[in-house]
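Trainee: Got a minute to go through this one with me? I'd like to take it piece by piece.

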Amino acid sequence: MGDVSDVPRNAVNRAFKLASLPLGLAGRATLGLGKRLSGASAESVSTDVQQRTAEHVFRVLGELKGGAMKFGQTLSVLEAGIPEELAAPYRATLTKLQESAPPMKAETVHGVLAADLGPDWRDRFRSFDDAPAASASIGQVHRAVWHDGRTVAVKIQYPGAGDALRSDLRQVARLGRSIGALVPGMDAKALVEELHDRMVEELDYRMEADAQDGFALAYADDPEFAVPRLVEGAEHVLVSEWLDGLPLSKVIAEGTKDERDHAGLLYVRFLFSGPARAGLLHADPHPGNYRITADGRLGVLDYGAVARLPEGLPPSIGQLLRRALAGQADEMLDGLREEGFVKAHIHLDPEDLYDYLAPFLQPARVERFHFNRPWMREQFARINDPRRPGYSIGLKLNLPPSYLLIHRVWIGGLGVLSQLDCEAPFRAELERWLPGFAA
(Lines give C-alpha, C1' and ligand atoms only; values in the text may rest on other atoms or scores of the structure.)
Protein backbone atom coordinates (compact mmCIF):
# COMPACT_ATOMS: atom_id res chain seq x y z
CA MET A 1 0.00 0.00 0.00
CA GLY A 2 1.83 3.04 -1.24
CA ASP A 3 -0.54 5.52 0.41
CA VAL A 4 0.80 5.44 3.95
CA SER A 5 4.37 6.71 3.65
CA ASP A 6 7.35 6.17 5.93
CA VAL A 7 6.07 2.80 7.14
CA PRO A 8 8.77 0.11 7.26
CA ARG A 9 6.61 -2.42 5.40
CA ASN A 10 9.41 -4.82 4.56
CA ALA A 11 8.71 -7.88 6.69
CA VAL A 12 12.38 -8.64 7.39
CA ASN A 13 13.08 -5.04 8.41
CA ARG A 14 10.04 -4.89 10.73
CA ALA A 15 10.84 -8.28 12.24
CA PHE A 16 14.45 -7.24 12.85
CA LYS A 17 13.40 -4.06 14.68
CA LEU A 18 10.88 -5.90 16.86
CA ALA A 19 13.23 -8.83 17.51
CA SER A 20 15.81 -6.36 18.82
CA LEU A 21 13.64 -5.73 21.89
CA PRO A 22 14.10 -9.04 23.75
CA LEU A 23 17.73 -9.20 22.57
CA GLY A 24 18.31 -5.75 24.00
CA LEU A 25 16.86 -6.85 27.32
CA ALA A 26 19.23 -9.82 27.47
CA GLY A 27 22.21 -7.55 26.85
CA ARG A 28 21.15 -5.08 29.54
CA ALA A 29 20.56 -7.90 32.03
CA THR A 30 24.11 -9.18 31.40
CA LEU A 31 25.47 -5.66 31.85
CA GLY A 32 23.48 -5.36 35.08
CA LEU A 33 25.01 -8.57 36.40
CA GLY A 34 28.46 -7.16 35.68
CA LYS A 35 27.64 -4.02 37.64
CA ARG A 36 26.38 -6.11 40.58
CA LEU A 37 29.63 -8.09 40.62
CA SER A 38 31.57 -4.84 40.67
CA GLY A 39 29.72 -3.68 43.78
CA ALA A 40 26.75 -1.64 42.52
CA SER A 41 23.57 -1.94 44.63
CA ALA A 42 20.73 -4.17 43.43
CA GLU A 43 18.29 -1.24 43.55
CA SER A 44 20.42 1.05 41.37
CA VAL A 45 21.09 -1.74 38.85
CA SER A 46 17.39 -2.63 38.67
CA THR A 47 16.37 1.00 38.09
CA ASP A 48 19.00 1.41 35.40
CA VAL A 49 17.86 -1.74 33.55
CA GLN A 50 14.21 -0.66 33.76
CA GLN A 51 14.92 2.80 32.37
CA ARG A 52 17.11 1.54 29.53
CA THR A 53 14.52 -1.10 28.64
CA ALA A 54 11.73 1.48 28.61
CA GLU A 55 13.75 3.75 26.34
CA HIS A 56 14.43 0.90 23.92
CA VAL A 57 10.84 -0.40 23.85
CA PHE A 58 9.40 3.06 23.33
CA ARG A 59 11.94 4.01 20.65
CA VAL A 60 11.41 0.88 18.53
CA LEU A 61 7.62 0.88 18.76
CA GLY A 62 7.55 4.60 18.05
CA GLU A 63 9.52 4.08 14.84
CA LEU A 64 7.05 1.54 13.46
CA LYS A 65 3.57 2.45 12.32
CA GLY A 66 0.91 -0.19 11.70
CA GLY A 67 0.47 -2.90 14.28
CA ALA A 68 3.57 -2.12 16.31
CA MET A 69 2.56 1.50 16.80
CA LYS A 70 -0.99 0.48 17.68
CA PHE A 71 0.39 -1.99 20.20
CA GLY A 72 2.60 0.75 21.59
CA GLN A 73 -0.41 3.00 22.10
CA THR A 74 -2.20 0.27 24.00
CA LEU A 75 0.85 -0.20 26.22
CA SER A 76 -0.09 3.13 27.79
CA VAL A 77 -1.85 1.05 30.47
CA LEU A 78 1.66 0.36 31.82
CA GLU A 79 2.69 3.98 32.11
CA ALA A 80 1.87 4.05 35.83
CA GLY A 81 5.05 2.03 36.39
CA ILE A 82 7.26 4.04 34.02
CA PRO A 83 8.93 7.38 34.82
CA GLU A 84 7.31 10.33 33.07
CA GLU A 85 10.58 11.48 31.51
CA LEU A 86 10.67 8.20 29.56
CA ALA A 87 7.00 8.03 28.60
CA ALA A 88 6.58 11.66 27.49
CA PRO A 89 8.89 11.54 24.42
CA TYR A 90 7.24 8.30 23.32
CA ARG A 91 3.75 9.82 23.46
CA ALA A 92 5.01 12.80 21.48
CA THR A 93 6.41 10.47 18.81
CA LEU A 94 3.09 8.64 18.51
CA THR A 95 1.17 11.90 18.19
CA LYS A 96 3.48 13.08 15.42
CA LEU A 97 3.12 9.79 13.54
CA GLN A 98 -0.67 9.89 13.78
CA GLU A 99 -0.91 13.47 12.57
CA SER A 100 1.42 12.88 9.60
CA ALA A 101 -0.36 9.83 8.12
CA PRO A 102 -1.44 10.80 4.59
CA PRO A 103 -4.86 9.82 3.20
CA MET A 104 -5.50 6.92 0.84
CA LYS A 105 -5.80 7.70 -2.84
CA ALA A 106 -9.35 7.79 -4.21
CA GLU A 107 -8.81 4.72 -6.40
CA THR A 108 -7.62 2.76 -3.36
CA VAL A 109 -10.74 3.77 -1.43
CA HIS A 110 -12.95 2.75 -4.35
CA GLY A 111 -11.18 -0.60 -4.55
CA VAL A 112 -11.93 -1.40 -0.90
CA LEU A 113 -15.59 -0.37 -1.35
CA ALA A 114 -15.93 -2.56 -4.45
CA ALA A 115 -14.33 -5.55 -2.71
CA ASP A 116 -16.56 -5.34 0.38
CA LEU A 117 -19.83 -3.83 -0.91
CA GLY A 118 -19.71 -5.18 -4.46
CA PRO A 119 -18.88 -3.68 -7.86
CA ASP A 120 -22.17 -1.72 -7.78
CA TRP A 121 -21.24 0.02 -4.55
CA ARG A 122 -21.96 3.44 -6.04
CA ASP A 123 -25.63 2.49 -6.38
CA ARG A 124 -25.85 2.40 -2.58
CA PHE A 125 -24.90 6.06 -2.28
CA ARG A 126 -26.44 9.23 -3.64
CA SER A 127 -23.04 10.85 -3.21
CA PHE A 128 -19.64 9.95 -1.79
CA ASP A 129 -16.88 12.40 -0.79
CA ASP A 130 -13.48 11.06 -1.83
CA ALA A 131 -11.71 13.39 0.61
CA PRO A 132 -11.55 11.77 4.07
CA ALA A 133 -13.32 13.58 6.90
CA ALA A 134 -11.20 11.94 9.60
CA SER A 135 -8.49 9.33 10.09
CA ALA A 136 -8.48 6.29 12.36
CA SER A 137 -5.67 4.02 13.56
CA ILE A 138 -6.03 1.49 10.72
CA GLY A 139 -8.33 3.35 8.35
CA GLN A 140 -10.13 6.59 7.54
CA VAL A 141 -13.67 7.98 7.52
CA HIS A 142 -15.55 9.51 4.57
CA ARG A 143 -18.78 11.47 4.52
CA ALA A 144 -21.48 10.28 2.10
CA VAL A 145 -25.23 10.25 1.47
CA TRP A 146 -26.89 6.83 1.55
CA HIS A 147 -29.39 5.87 -1.13
CA ASP A 148 -32.32 6.69 1.19
CA GLY A 149 -31.07 10.25 1.80
CA ARG A 150 -29.38 9.75 5.16
CA THR A 151 -25.98 11.36 5.69
CA VAL A 152 -23.59 8.59 6.69
CA ALA A 153 -20.02 8.04 7.89
CA VAL A 154 -18.12 5.42 5.89
CA LYS A 155 -15.17 3.91 7.75
CA ILE A 156 -12.69 2.21 5.40
CA GLN A 157 -9.72 0.07 6.47
CA TYR A 158 -6.33 0.58 4.83
CA PRO A 159 -5.56 -2.28 2.37
CA GLY A 160 -2.97 -4.56 3.90
CA ALA A 161 -3.49 -3.17 7.41
CA GLY A 162 -4.66 -6.55 8.66
CA ASP A 163 -1.63 -8.44 7.40
CA ALA A 164 0.75 -5.80 8.76
CA LEU A 165 -0.97 -5.78 12.15
CA ARG A 166 -0.96 -9.56 12.49
CA SER A 167 2.70 -9.75 11.48
CA ASP A 168 3.64 -7.06 13.99
CA LEU A 169 1.66 -8.68 16.77
CA ARG A 170 3.34 -12.03 16.26
CA GLN A 171 6.66 -10.29 16.79
CA VAL A 172 5.48 -8.08 19.63
CA ALA A 173 4.05 -11.13 21.42
CA ARG A 174 7.69 -11.93 22.26
CA LEU A 175 7.87 -8.75 24.34
CA GLY A 176 6.67 -10.36 27.54
CA ARG A 177 10.10 -10.52 29.17
CA SER A 178 10.97 -6.95 28.17
CA ILE A 179 7.77 -5.59 29.68
CA GLY A 180 8.27 -7.76 32.75
CA ALA A 181 11.56 -5.96 33.36
CA LEU A 182 9.67 -2.68 33.60
CA VAL A 183 6.96 -3.92 35.97
CA PRO A 184 8.28 -6.94 37.93
CA GLY A 185 4.94 -7.67 39.64
CA MET A 186 3.07 -8.05 36.36
CA ASP A 187 2.30 -11.24 34.45
CA ALA A 188 3.42 -9.56 31.23
CA LYS A 189 3.12 -12.63 28.99
CA ALA A 190 -0.59 -13.10 29.75
CA LEU A 191 -1.24 -9.38 29.35
CA VAL A 192 0.54 -9.26 25.99
CA GLU A 193 -1.55 -12.21 24.77
CA GLU A 194 -4.74 -10.42 25.81
CA LEU A 195 -3.64 -7.23 24.05
CA HIS A 196 -2.96 -9.29 20.94
CA ASP A 197 -6.44 -10.85 20.94
CA ARG A 198 -8.27 -7.57 21.53
CA MET A 199 -6.40 -5.76 18.76
CA VAL A 200 -6.96 -8.53 16.23
CA GLU A 201 -10.68 -8.17 16.95
CA GLU A 202 -10.52 -4.53 15.82
CA LEU A 203 -9.47 -5.64 12.33
CA ASP A 204 -12.88 -7.13 11.53
CA TYR A 205 -15.32 -4.24 11.21
CA ARG A 206 -18.17 -6.77 11.43
CA MET A 207 -17.40 -7.15 15.13
CA GLU A 208 -17.38 -3.38 15.51
CA ALA A 209 -20.70 -3.26 13.65
CA ASP A 210 -22.16 -5.79 16.09
CA ALA A 211 -20.98 -3.75 19.08
CA GLN A 212 -22.28 -0.47 17.65
CA ASP A 213 -25.62 -2.11 16.90
CA GLY A 214 -25.83 -3.34 20.49
CA PHE A 215 -25.18 0.12 21.89
CA ALA A 216 -27.60 1.74 19.42
CA LEU A 217 -30.42 -0.61 20.46
CA ALA A 218 -29.75 -0.12 24.18
CA TYR A 219 -29.63 3.68 23.88
CA ALA A 220 -32.26 4.21 21.18
CA ASP A 221 -34.13 7.52 21.64
CA ASP A 222 -32.20 8.19 24.86
CA PRO A 223 -32.58 11.78 26.11
CA GLU A 224 -28.91 11.92 27.25
CA PHE A 225 -26.92 9.90 24.71
CA ALA A 226 -26.67 9.67 20.92
CA VAL A 227 -25.34 6.46 19.36
CA PRO A 228 -25.24 6.50 15.53
CA ARG A 229 -27.31 3.68 14.08
CA LEU A 230 -25.60 1.05 11.99
CA VAL A 231 -26.39 1.12 8.28
CA GLU A 232 -24.04 -1.50 6.79
CA GLY A 233 -21.18 -3.59 8.14
CA ALA A 234 -18.57 -5.54 6.18
CA GLU A 235 -15.10 -6.84 7.05
CA HIS A 236 -13.26 -3.69 5.95
CA VAL A 237 -16.10 -1.15 5.53
CA LEU A 238 -18.48 0.19 8.17
CA VAL A 239 -21.37 2.54 7.34
CA SER A 240 -23.28 4.32 10.10
CA GLU A 241 -25.41 7.41 10.45
CA TRP A 242 -23.47 10.67 10.55
CA LEU A 243 -23.33 12.38 13.95
CA ASP A 244 -22.80 16.12 14.17
CA GLY A 245 -21.74 17.80 17.38
CA LEU A 246 -19.10 19.77 19.23
CA PRO A 247 -16.01 17.59 19.80
CA LEU A 248 -15.27 16.94 23.45
CA SER A 249 -11.80 18.38 22.83
CA LYS A 250 -13.47 21.73 22.04
CA VAL A 251 -15.46 21.53 25.27
CA ILE A 252 -12.19 20.89 27.11
CA ALA A 253 -10.52 23.88 25.46
CA GLU A 254 -13.35 26.40 25.27
CA GLY A 255 -16.36 25.19 27.27
CA THR A 256 -17.90 27.08 30.19
CA LYS A 257 -17.87 25.54 33.65
CA ASP A 258 -21.49 24.40 33.27
CA GLU A 259 -20.75 22.85 29.88
CA ARG A 260 -17.69 21.03 31.19
CA ASP A 261 -19.52 19.80 34.29
CA HIS A 262 -22.41 18.56 32.15
CA ALA A 263 -20.09 16.78 29.71
CA GLY A 264 -18.11 15.15 32.52
CA LEU A 265 -21.21 13.76 34.20
CA LEU A 266 -22.61 12.33 30.95
CA TYR A 267 -19.20 10.90 30.09
CA VAL A 268 -19.03 8.95 33.37
CA ARG A 269 -22.67 7.91 33.12
CA PHE A 270 -22.20 6.47 29.64
CA LEU A 271 -19.04 4.54 30.49
CA PHE A 272 -20.52 2.99 33.64
CA SER A 273 -24.04 2.39 32.31
CA GLY A 274 -22.93 0.52 29.17
CA PRO A 275 -22.25 -2.84 30.85
CA ALA A 276 -25.59 -2.70 32.72
CA ARG A 277 -27.72 -1.51 29.78
CA ALA A 278 -26.01 -3.15 26.79
CA GLY A 279 -23.65 -5.75 28.28
CA LEU A 280 -20.86 -3.73 26.64
CA LEU A 281 -18.15 -1.34 27.82
CA HIS A 282 -16.94 1.31 25.40
CA ALA A 283 -13.22 0.85 25.90
CA ASP A 284 -11.71 3.80 24.03
CA PRO A 285 -12.15 6.82 26.34
CA HIS A 286 -10.25 9.23 24.05
CA PRO A 287 -11.98 12.67 23.73
CA GLY A 288 -11.96 12.32 19.94
CA ASN A 289 -14.67 9.67 20.21
CA TYR A 290 -17.18 11.98 21.90
CA ARG A 291 -19.37 14.90 20.77
CA ILE A 292 -21.90 17.18 22.45
CA THR A 293 -24.92 17.39 20.15
CA ALA A 294 -27.00 20.52 19.55
CA ASP A 295 -29.65 19.26 22.01
CA GLY A 296 -27.07 18.66 24.78
CA ARG A 297 -26.67 14.89 24.47
CA LEU A 298 -23.35 13.06 24.55
CA GLY A 299 -22.68 11.52 21.15
CA VAL A 300 -20.37 8.50 21.08
CA LEU A 301 -18.32 7.28 18.10
CA ASP A 302 -15.96 4.40 17.25
CA TYR A 303 -16.91 1.03 18.69
CA GLY A 304 -13.79 -0.89 17.64
CA ALA A 305 -12.52 -1.30 21.21
CA VAL A 306 -15.35 -2.79 23.26
CA ALA A 307 -15.30 -5.12 26.26
CA ARG A 308 -18.14 -7.64 26.08
CA LEU A 309 -19.58 -7.97 29.59
CA PRO A 310 -22.93 -9.79 29.29
CA GLU A 311 -23.16 -10.04 33.07
CA GLY A 312 -22.21 -6.38 33.56
CA LEU A 313 -19.17 -5.10 35.44
CA PRO A 314 -17.67 -7.62 37.88
CA PRO A 315 -19.15 -7.09 41.38
CA SER A 316 -15.65 -7.54 42.78
CA ILE A 317 -14.72 -4.03 41.60
CA GLY A 318 -17.42 -2.38 43.67
CA GLN A 319 -16.74 -4.64 46.64
CA LEU A 320 -13.01 -3.84 46.59
CA LEU A 321 -13.75 -0.14 46.33
CA ARG A 322 -16.17 -0.36 49.26
CA ARG A 323 -13.57 -2.16 51.43
CA ALA A 324 -10.95 0.43 50.57
CA LEU A 325 -13.25 3.34 51.43
CA ALA A 326 -13.99 1.69 54.77
CA GLY A 327 -10.25 1.60 55.54
CA GLN A 328 -10.16 -2.21 55.58
CA ALA A 329 -6.58 -2.45 54.37
CA ASP A 330 -6.06 -6.16 55.09
CA GLU A 331 -9.37 -7.17 53.50
CA MET A 332 -8.62 -4.94 50.51
CA LEU A 333 -5.25 -6.63 49.94
CA ASP A 334 -6.86 -10.07 50.29
CA GLY A 335 -9.45 -9.13 47.67
CA LEU A 336 -6.79 -7.80 45.30
CA ARG A 337 -4.89 -11.06 45.62
CA GLU A 338 -8.04 -13.06 44.91
CA GLU A 339 -8.66 -11.07 41.74
CA GLY A 340 -5.04 -11.39 40.58
CA PHE A 341 -3.98 -7.75 41.08
CA VAL A 342 -1.24 -8.91 43.47
CA LYS A 343 0.64 -12.09 42.57
CA ALA A 344 1.17 -14.76 45.22
CA HIS A 345 4.96 -14.26 45.35
CA ILE A 346 4.73 -10.48 45.82
CA HIS A 347 4.96 -9.07 49.35
CA LEU A 348 3.05 -5.86 50.10
CA ASP A 349 2.29 -4.15 53.37
CA PRO A 350 -1.51 -3.55 53.51
CA GLU A 351 -1.15 -0.06 54.96
CA ASP A 352 1.45 0.98 52.38
CA LEU A 353 -0.83 -0.26 49.61
CA TYR A 354 -3.77 1.61 51.12
CA ASP A 355 -1.73 4.84 51.24
CA TYR A 356 -0.83 4.30 47.58
CA LEU A 357 -4.46 3.86 46.52
CA ALA A 358 -6.15 6.33 48.90
CA PRO A 359 -5.85 9.47 46.70
CA PHE A 360 -7.45 7.61 43.78
CA LEU A 361 -10.38 6.78 46.06
CA GLN A 362 -11.17 10.41 46.81
CA PRO A 363 -13.68 10.88 43.91
CA ALA A 364 -15.73 8.02 45.36
CA ARG A 365 -15.43 9.26 48.95
CA VAL A 366 -17.28 12.56 48.58
CA GLU A 367 -20.64 13.51 47.07
CA ARG A 368 -19.11 15.93 44.57
CA PHE A 369 -15.57 15.84 43.25
CA HIS A 370 -13.61 18.33 41.16
CA PHE A 371 -11.30 16.68 38.62
CA ASN A 372 -8.51 18.89 37.31
CA ARG A 373 -5.03 18.68 35.83
CA PRO A 374 -3.13 19.53 39.07
CA TRP A 375 -4.89 16.63 40.82
CA MET A 376 -4.06 14.22 38.00
CA ARG A 377 -0.46 15.43 37.77
CA GLU A 378 -0.01 14.85 41.48
CA GLN A 379 -1.33 11.29 41.23
CA PHE A 380 1.00 10.43 38.37
CA ALA A 381 3.92 12.11 40.12
CA ARG A 382 3.28 9.92 43.16
CA ILE A 383 3.42 6.70 41.18
CA ASN A 384 5.96 7.62 38.48
CA ASP A 385 8.69 9.27 40.55
CA PRO A 386 11.29 6.65 41.66
CA ARG A 387 12.11 8.86 44.66
CA ARG A 388 8.60 8.50 46.10
CA PRO A 389 7.24 5.41 47.92
CA GLY A 390 4.39 4.87 45.46
CA TYR A 391 6.78 4.06 42.62
CA SER A 392 8.02 0.78 44.09
CA ILE A 393 4.52 -0.24 45.15
CA GLY A 394 3.18 0.31 41.64
CA LEU A 395 5.84 -1.99 40.22
CA LYS A 396 4.55 -4.80 42.43
CA LEU A 397 0.98 -4.66 41.14
CA ASN A 398 -0.35 -6.88 38.37
CA LEU A 399 -3.03 -6.18 35.76
CA PRO A 400 -5.13 -9.34 35.21
CA PRO A 401 -5.82 -9.79 31.48
CA SER A 402 -9.58 -9.91 32.05
CA TYR A 403 -9.39 -6.38 33.51
CA LEU A 404 -7.30 -4.94 30.67
CA LEU A 405 -10.03 -2.93 28.93
CA ILE A 406 -11.73 -2.00 32.21
CA HIS A 407 -8.41 -0.61 33.47
CA ARG A 408 -7.91 1.27 30.22
CA VAL A 409 -11.30 2.94 30.64
CA TRP A 410 -10.72 3.69 34.32
CA ILE A 411 -7.31 5.32 33.87
CA GLY A 412 -8.14 6.99 30.56
CA GLY A 413 -11.42 8.28 31.97
CA LEU A 414 -9.65 9.92 34.91
CA GLY A 415 -7.39 11.68 32.44
CA VAL A 416 -10.28 12.99 30.33
CA LEU A 417 -12.22 14.17 33.38
CA SER A 418 -9.13 16.01 34.62
CA GLN A 419 -8.74 17.69 31.24
CA LEU A 420 -12.39 18.76 31.44
CA ASP A 421 -11.72 20.40 34.80
CA CYS A 422 -15.22 19.32 35.81
CA GLU A 423 -17.14 18.95 39.04
CA ALA A 424 -20.19 16.70 39.48
CA PRO A 425 -21.80 14.11 41.82
CA PHE A 426 -19.75 11.19 40.52
CA ARG A 427 -20.22 9.03 43.65
CA ALA A 428 -23.93 8.76 42.87
CA GLU A 429 -23.06 7.32 39.44
CA LEU A 430 -20.93 4.63 41.07
CA GLU A 431 -23.76 3.76 43.46
CA ARG A 432 -26.18 3.57 40.54
CA TRP A 433 -24.11 1.56 38.05
CA LEU A 434 -21.24 -0.24 39.84
CA PRO A 435 -22.32 -3.63 41.23
CA GLY A 436 -21.19 -4.29 44.77
CA PHE A 437 -20.47 -0.65 45.57
CA ALA A 438 -23.76 0.66 46.97
CA ALA A 439 -24.20 0.17 50.71
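**Helices, a glutamine and a sheet**

Mentor: Sure, and keep in mind that this is a predicted model. Let's begin with Q212, which sits in helix α9 (residues 205–218).

Trainee: Is Q212 buried or exposed?

Mentor: Look at the relative accessibility, which is 3% for Q212. The cut-off for burial is under 20%. So Q212 counts as buried.

Trainee: Which backbone oxygen does the side chain of Q212 reach?

Mentor: Start with what Q212 touches beyond four places in sequence: V227, P228, R229, L230, L238, S240 and Y303. One of these offers its backbone oxygen at 2.9 Å from the Q212 side chain. That residue is P228.

Trainee: Over to the strands. How many residues of β3 are buried?

Mentor: Strand β3 covers residues 139–146, 8 residues in total. It is largely enclosed by the rest of the structure, because the number buried is 6.

Trainee: Over how many bridges do β3 and β4 pair?

Mentor: Let's go through the partners of β3. Strand β1 (residues 125–128) pairs with β3 in the antiparallel sense over 3 bridges, with F125 opposite W146 as bridge partners. Strand β2 (residues 134–135) is antiparallel to β3 too, over 2 bridges, and there A134 partners V141. With strand β4 (residues 151–157) the sense is again antiparallel, H142 partners V154, and the number of bridges is 7.

Trainee: Which residue takes a positive phi in the hairpin of β3 and β4?

Mentor: That hairpin has 4 residues between the strands. The phi in question is near 100 degrees, and it belongs to G149.

Trainee: Now helix α18. What arc do its buried residues cover around the axis?

Mentor: In α18 (residues 426–433), the buried residues are F426, R427, E429, L430 and W433. They lie on the same side of α18, because the arc they cover is only 160 degrees. The general idea is that an α-helix has 3.6 residues a turn, so residues three or four places apart point the same way. As for cover, it includes α11, α12, α14, β13, α17 and β14, and the arc is 160 degrees.

Trainee: How many nonpolar residues are in the contact of α15 with α17?

Mentor: Helix α15 (residues 373–384) packs against α17 at about 145 degrees, with the axes 8 Å apart. From α15 come R373, W375, M376 and F380, and from α17 come I411, L414, G415, S418 and Q419. Of these, 3 are polar and 1 is charged, while the nonpolar ones number 5.

Methods. Residues are numbered from 1 along each chain as its sequence is written. This is a predicted model: local features need pLDDT of at least 70, side-chain atom pairs count only at pLDDT 80 or more; totals for chains, interfaces and linings use all residues. Side-chain values use heavy atoms; hydrogens and water are left out. Buried means under 20% relative accessible area, exposed over 50%, partly exposed in between (1.4 Å probe, protein chains only). The arc is that of the directions from the helix axis to the C-beta atoms. Contact means heavy atoms within 4.5 Å. Axes are lines fitted to C-alpha atoms, for helices over the stretch in contact, and angles run from 0 to 180 degrees between N-to-C directions. Ala, Val, Leu, Ile, Met, Phe, Trp, Tyr, Cys and Pro count as nonpolar, Asp, Glu, Lys and Arg as charged, and the others, Gly among them, as polar. A polar contact is a pair of N or O atoms within 3.5 Å; within protein, one must be able to donate a hydrogen and the other to accept it, and residues adjacent in sequence count only if both atoms are side-chain atoms. Two strands pair if DSSP finds at least two bridges between them.
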